[in-house]
Amino acid sequence: MTSNAPNNSTPRVVSDLDIAQTELKGLLQGRNAMSLAADVLISRTQVLPYSVVRFVRFKCAHDVLDVFLKRVVPGDGNVALARSRLMTEAEVLRDLGERMPGQAAPFFAVFPDQLVLATAACNGQQMDAVVCRGGISQLSPAVSARFENISEACGRWLRRFHELTREPAIDLRAWLRYERGEVSWRVALLERLDPANALLYRESGEKLRSELAGCALPLSGCRLHGDFAPHNIFVKGTTGIQVLDFYASRPGHPLHDLVNFIGKICGLAESPTFSAENSRRACVAFLKGYGPIRSEERTIARQLIVLQAIKRLLVIVEARRGGGLRARLNTKKGWYESFLARYVSPDEGGTSSFTPWPFLDLEIGK
Ligand SMILES: Nc1ncnc2c1ncn2[C@@H]1O[C@H](COP(=O)(O)OP(=O)(O)OP(=O)(O)O)[C@@H](O)[C@H]1O
Ligand SMILES: [Mg+2]
């Protein structure tokens with residue numbers, strides 16, 4: 001057995017992963033699934049902001065079984081909360097294994113005491129890797145078309161997931177309060193980091209906060225994925241997708257997932273390879289896949305998209321020293337500022353800024 005434990009994770013994390021790994025091996029042998037398991041090879045360990053992920057290969061005579069062990073790291077030190085979120089993630093994955101077979105990371109086991117979840121490796125590649133390869137040339141038409149097809153498949157996946165998990169009577173007021181809070185701290189931070197544009201941030205923040213406060217939202221909820229985004233989706237072929245990372249899954253309003261995905265696709269256009277046109281087409285395909293949205297929900301969708309623009313003004317990165325996270329201004333902040341300027345003064349420049357999906361009207365790249 002080989003080991004290459006990350007040097008900046010705590011010994012506790014490493015020993016938790018070791019324990020989970022040993023238990024998993026016993027479990028697999030006990031189930032006779034890998035009765036010939038000869039060895040366990042750790043080929044890679046990744047330290048991420050909220051987790052340490054270890055890739056383990058179980059070998060047997062004629063086959064291999066690739067497993068990801070995710071040890072969550074509770075950012076706020078709240079272990080009980082982290083444990084319950086991990087258990088929820090495990091339950092959702094187990095459930096999806098039956099209801100949407102092959103379309104989510106295959107669940108293997110959860111080790112609550114160690115805060116570890118074990119899933120079998122997804123097929124294919126991460127969706128954002130399809131278009132972000134570190135190059136500077138524009139995407140080929142074939143890659144753009146593939147990305148569009150995948151985006152449409154993501155829309156269909158999300159609709160199905162939301163339909164399967166409808167929760168008719170949840171109270172969405174807490175969610176809206178949370179979103180208003182998200183606006184407040186981000187605007188306060190933006191005002192500090194970029195005083196020259198403080199007025200624009202304050203005005204957009206105030207307008208958005210009051211719109212969210214007055215929003216009459218239909219009380220129809222579902223289970224959210226929580227971070228439905230290309231980096232949490234694996235793709236194979238033209239339209240085959242598998243979704244992972246349900247750690248933030250909770251009851252909520254379907255638009256949350258929808259708008260999160262759109263925001264991330266627009267964020268991809270900040271890289272030189274993915275143009276505004278790529279982004280627009282991917283968003284349109286995604287919405288086509290998702291299908292119709294009730295007209296009374298379009299208002300809140302519009303507001304959530306404004307919130308995405310405010311979020312994209314800040315880039316949250318890992319602090320170099322001392323751990324934790326820090327925020328800096330997005331180097332492409334001009335795109336989002338011009339969008340907010342149209343939001344606070346919709347008539348200026350004669351643009352009719354508000355189609356149901358104003359983010360798609362962003363003149364990204366100009
Ligand atoms: N079953 C799996 N198959 C393939 N890759 C996986 C699997 N589980 C985890 N990974 C890899 O580990 C990464 C982190 O896992 P996951 O998204 O569940 O944790 P996370 O802490 O929420 O990460 P992030 O904050 O980056 O979203 C994934 O983006 C993926 O690259
Ligand atoms: Mg993830």
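Here are some questions and answers on this predicted model.

Q: How many helices and strands does the secondary structure of the chain come to?
A: The chain has 366 residues, and 35% of them count as buried. Its secondary structure adds up to ten helices and 13 strands.

Q: Among contacts between residues at least 6 apart in sequence, what percentage join residues at least 24 apart?
A: Start with the contacts in the chain whose partners sit at least 6 apart in sequence. Now keep those that join residues at least 24 apart, and the share is 69%.

Q: Which domains does ligand 1 lie between, and why?
A: Look at who gives residues to the shell around ligand 1. Both domains contribute, so the ligand lies between domain 1 (11-120) and domain 2 (125-361).

Q: Which strands each supply at least two residues of the shell around ligand 1?
A: There are 17 residues around the ligand, and Ser51, Phe68, Thr119, Cys122 and Asp245 come nearest. As for strands that each supply at least two shell residues, look to strand 2 (51-59) and strand 3 (64-72).

Q: How many residues of the shell around ligand 1 are nonpolar, polar and charged?
A: Sort the shell by residue type and you get three groups. They come to ten nonpolar, five polar and two charged.

Q: What should the 18 residues of helix 9 span, and how far apart are its end C-alpha atoms?
A: Helix 9 covers residues 295-312, and the reckoning uses 1.5 Å a residue, multiplied by one less than the number of residues. That gives an expected span of 26 Å, which agrees with the distance between the end C-alpha atoms: 26 Å.

Q: Which helices are included in what covers the buried residues of helix 9?
A: The buried residues of helix 9 include Ile300, Leu304, Leu307 and Arg312. What covers the buried set includes helix 5 (173-193), helix 6 (198-213), helix 7 (254-268) and helix 10 (333-344).

Q: Which residue stands opposite arginine 223 in strand 11?
A: Strand 8 (residues 221-224) pairs with strand 7 (residues 166-167) in the antiparallel sense over two bridges, and there cysteine 222 is the bridge partner of arginine 166. Strand 8 also pairs with strand 11 (residues 250-252), antiparallel again, over three bridges. In strand 11, the residue opposite arginine 223 is proline 251.

Q: Which are the edge strands of the open sheet with the order 6-9-10?
A: This open sheet has three strands with antiparallel pairing. Each edge strand pairs on one side only, and the two are strand 6 (125-126) and strand 10 (240-243).

Q: Which residue stands opposite glutamine 126 in strand 9?
A: Strand 6 and strand 9 (residues 233-236) pair in the antiparallel sense over two bridges. Opposite glutamine 126 you'll find phenylalanine 234.

Technical notes. Residues are numbered from 1 along each chain as its sequence is written. Chains are lettered from A and ligands numbered from 1 in the order in which they are written. This is a predicted model: local features need pLDDT of at least 70, side-chain atom pairs count only at pLDDT 80 or more; totals for chains, interfaces and linings use all residues. A residue is near a molecule or strand if its C-beta atom, placed from the backbone, lies within 6 Å of it. Helices (H or I, at least four residues) and strands (E, at least two) are DSSP runs, numbered from the N terminus. Ala, Val, Leu, Ile, Met, Phe, Trp, Tyr, Cys and Pro count as nonpolar, Asp, Glu, Lys and Arg as charged, and the others, Gly among them, as polar. Domain bounds come from an automatic or database domain assignment. A residue is buried if 20 or more other C-beta atoms lie within 10 Å of its own, exposed if 12 or fewer, and partly exposed in between; C-beta atoms are placed from the backbone. Two residues are in contact if their C-beta atoms, placed from the backbone, lie within 7 Å. Two strands pair if DSSP finds at least two bridges between them.
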